[in-house]
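Colleague: I am new to this one. Could you show it to me and let me ask how each label is earned?

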Amino acid sequence: MTDLVTRRLRVYGIVQGVGFRPTVSRHAAASGIHGTVCNFGPYVEILVQGTEQACDDFRMRLERQPPRRASILKIDEQTLEDAPEYPDFSIIESGKTRGEIFVSPDIAICEDCEREMFDPKDRRYLHPFINCTCCGPRLTILDALPYDRERTSMKEFPMCPDCAAEYYDPATRRYDAQPVCCPDCGPQVYLLGSREKGRDAITAARRTILAGEIAAIKGIGGFHLCCDATNRDAVSRLRTLKTRPAKPFAVMLRDMETVRRECFVTPAQEKILTGHQKPILLLKKRPGGLLAEAVAPDNPYVGVMLPYAPIHLLLFRYDDGITMPDCLVMTSGNVSGAPICREDRDVEQEILGFCDTVLSHDRKIRIRADDSVMDFYRDRPYMIRRSRGYAPLPVMVSRGWKGQVLAVGGELKNTFCVGVNDLFYPSPYVGDLEDIRTVEALEETIGRLETLLEAEPKAVACDLHPRYNSTLVAEKQGLPLLPVQHHYAHVLTCMAENDCFDPVIGLSFDGTGYGTDGTIWGGEILLSDLDGFRRLGSIAPFSQVGGDSSSREGWRIAVSMIRGLTGNAEDALELVKQLDLCGEQQARAILTMAGKNINTVQSTSMGRLFDAVSAILGIRRASTFEGEAATVLQFRAEAANRTPKKWTSTLDADLEGRMILNTADLVRSLVDRRLAGEDPCDLALDFHSALADMALEACRRAREETGVETAALTGGCYQNRLLLELTESRLETAGFRVLTHRLIPPNDGGIGLGQAVYAMHRMQT
Ligand code: ZN
Ligand code: ZN
Ligand code: FE
């Protein structure tokens, strides 16, 4: 048998819990090779024995037809000498090694399982926990790796003989599917605080929703609050109960047909909507849809997802004779600022007052996973909130780094990040750390993810802000602490996502972050590389009266900006009156404080500039949720009916020679033109366009000075598609290479990655 060769393939990527080994067995049979396949923590190892040609054929099949849910990052191949001869191809039980580990995110129900669930002859007919080797919960039920049932929250549910038979038989769809179960052996749904279980509980929840009431539904990563999205009264009541007057609710629509009825959707968007991650997608509403206006008031877009857990499908379709609405509000079941509820106890303590019934179940959620939220930019996904379905897939860079770090992330929209060598694992969404419950969730989730990844960080990165709760959590880790300036972290995130670490001109256009000079930053131009940054420039500094507590009240910023423009209180007061920004007393109070510098900080926050301009143009004086005024400003600009005017007064310099984007002149001109009666939509458009003109000029100047030709567009303001498109296209025309975000959010949900990359770089040497 001299023509037999033996090769060892190590396959890295998402290879656990995705039906990898059965697929490998099938390919082995088709190629006529012998050998073994075994799951190690970080990789799957395949010993391939056969003729040269058969081995090549096997590898080709593996690469061309990987398991549907797998994601192969790389294959290491080595030829083995003196290997024993294998009699067949077999699957070896899990070994366990330490190292780079890939934890699969949760996977939406697959078509095969959906078909079985609605097949009256199937033994899992209408079973709310149906799953298989290529679908079902993963991260949210995991205790440790390797991914085996005893290390998940399914260990409380011993398999019945029928399920066990499927689980152990490589020929079935449920071979090695850890959460496999059936109505006899699996978890159960029930109504909280009542005796109703199983079928009765599902029917009761459906009745509640149909009647225009509100149900809490336990899904994969936590509870949703759910009501009929076509029922105005139901949606309004949910708004009142949640004290959420205007922030858009996401909706779950029954199927693609319903999505097409309610929204405009491109083929690329449809692919994401129906894919196995099932994020919430921001889609443009179609006129004449059935969704209540109160779902996303005064908003041309709505966040849409398709059912992803079996229980969601059962809410729409069941055999109880009830006809359900095809659009449901599905908003996170939490009190504003707190983490999403995951246990009955959380529901009882926090959201019981918001809902008329609670459909729960007894499969425990180990790690919360909020729904991911995605926009589209240039017909490609553009992540806004990265969580269920994506976390904790790693971002891979090619630096050859060694070591382990933790980065705790930012204060708002917190996600943290664990770095292991060249792999960076952003966590699921944690939330706003102003709430102590969220801080606790952060600490718990850090512990869980470190366990899953078997990571023992040797350093911890955090924000530069000394009093952030995230900073306190970082200090408690007892590791060397590496504070990273907020907007620099944004730039590093953008660089890491693009695996580009050459120096860049970072445009970090953002809400607020603590600057190295103790002032508030947020509209920054930072020449950045891994070693550090130089602040090349910023927008024009302005006074923020009332500190950052004014962050939701753009009119306050507008008043103090106007004070800065006029140089005196009397003229400012006159303009404030003409613009109808606020009452005279309120205005006088702010003007006095601004004049005397009481309770006033210097700021270059781009986010606050957007809020102020929104107020000046009479679009939104204040926001009821973060970003509202700025978002509506964008919508008005997108509704403008002409092309933008070119802005020429772009750059100034400060005393130290830094570039100052001339936003003060811009605001002055917007005030004048607004008072001259120009259309606010046109002015909103010109504002966006002028910012892009300024950014272009600043980048040109920076390129002349430094020779750097790459620009990175990052920060929460680049959630604004219009600003992004205007800026990117101008930069491209001027010959810049432009880095933008794609699957890591441009907002504070992304900065953990940048922090981690910084810490990892510092650990080398
Ligand atoms: Zn399935
Ligand atoms: Zn069973
Ligand atoms: Fe930020």
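Modeller: Start with the iron ion (ligand 3), and keep in mind that this is a predicted model. His486 (NE2), His490 (NE2), Asp510 (OD), Asp510 (OD) and Asp748 (OD) coordinate the iron ion (ligand 3).

Colleague: How do you know that these atoms count as donors of the iron ion (ligand 3)?

Modeller: By distance. An N, O or S atom must lie within 2.8 Å of the metal. The donors here sit at 1.9 to 2.7 Å, so they qualify. Along the chain, the donors follow the spacing H-x3-H-x19-D-x237-D. One pair links distant parts of the chain: His490 in helix α13 (residues 486-497) and Asp510 in strand β23 (residues 504-514), 20 residues apart.

Colleague: Why is His490 called buried?

Modeller: Buried means under 20% relative accessible area. His490 has 1%, so the label holds. Asp510 has 2%, so Asp510 is buried as well.

Colleague: Now the zinc ion (ligand 1). What makes its arrangement tetrahedral?

Modeller: Cys110 (SG), Cys113 (SG), Cys132 (SG) and Cys135 (SG) coordinate the zinc ion (ligand 1) at 2.3 Å. The 4 donor atoms subtend angles of 105 to 116°. Four donors count as tetrahedral if all angles lie between 85 and 135 degrees. The angles fall in that range, so the arrangement is tetrahedral. For reference, the ideal angle for four tetrahedral donors is 109.5 degrees.

Colleague: How are the donor residues of the zinc ion (ligand 1) spaced in sequence?

Modeller: The pattern is C-x2-C-x18-C-x2-C. Cys113 lies in helix α3 (residues 111-117), and Cys135 in the loop between α3 and α4 (161-168), so the pair ties together parts that are 22 residues apart in sequence. Cys113 and Cys135 are buried.

Colleague: On to the sheet. Which strands form it, and in what order?

Modeller: The order is β17-β20-β19-β18-β21-β22, an open sheet of 6 strands with mixed pairing.

Colleague: What makes β17 (395-396) and β22 (481-484) edge strands?

Modeller: Each pairs on one side only.

Colleague: How do you know that strand β18 (residues 404-407) and strand β19 (residues 417-420) pair?

Modeller: Pairing needs at least two bridges. These strands have 4 bridges, so they pair, in the antiparallel sense. Ala407 stands opposite Cys417 in β19.

Colleague: Which strands does helix α22 (residues 751-763) touch?

Modeller: Helix α22 packs on the sheet, touching β17, β18, β19, β20 (423-426), β21 and β22. Its direction makes about 145° with that of β18.

Key. Residues numbered from 1 in each chain as written. Chains lettered and ligands numbered in written order. Predicted model: local features only at pLDDT ≥ 70, side-chain atom pairs only at ≥ 80, totals over all residues. Heavy atoms only, no water. Donors = N, O, S within 2.8 Å, 3.2 Å for Na, K, Ca; no water. Helix = DSSP H or I, 4+ residues; strand = E, 2+ residues; numbered from the N terminus. Buried < 20%, exposed > 50% of the residue type's maximum accessible area, 1.4 Å probe, protein only. Contact = heavy atoms within 4.5 Å. Axes fitted to C-alpha atoms, helices over the stretch in contact; angles between N-to-C directions. Tetrahedral: all angles 85-135°; square planar, octahedral: opposite > 155°, others 65-115°.
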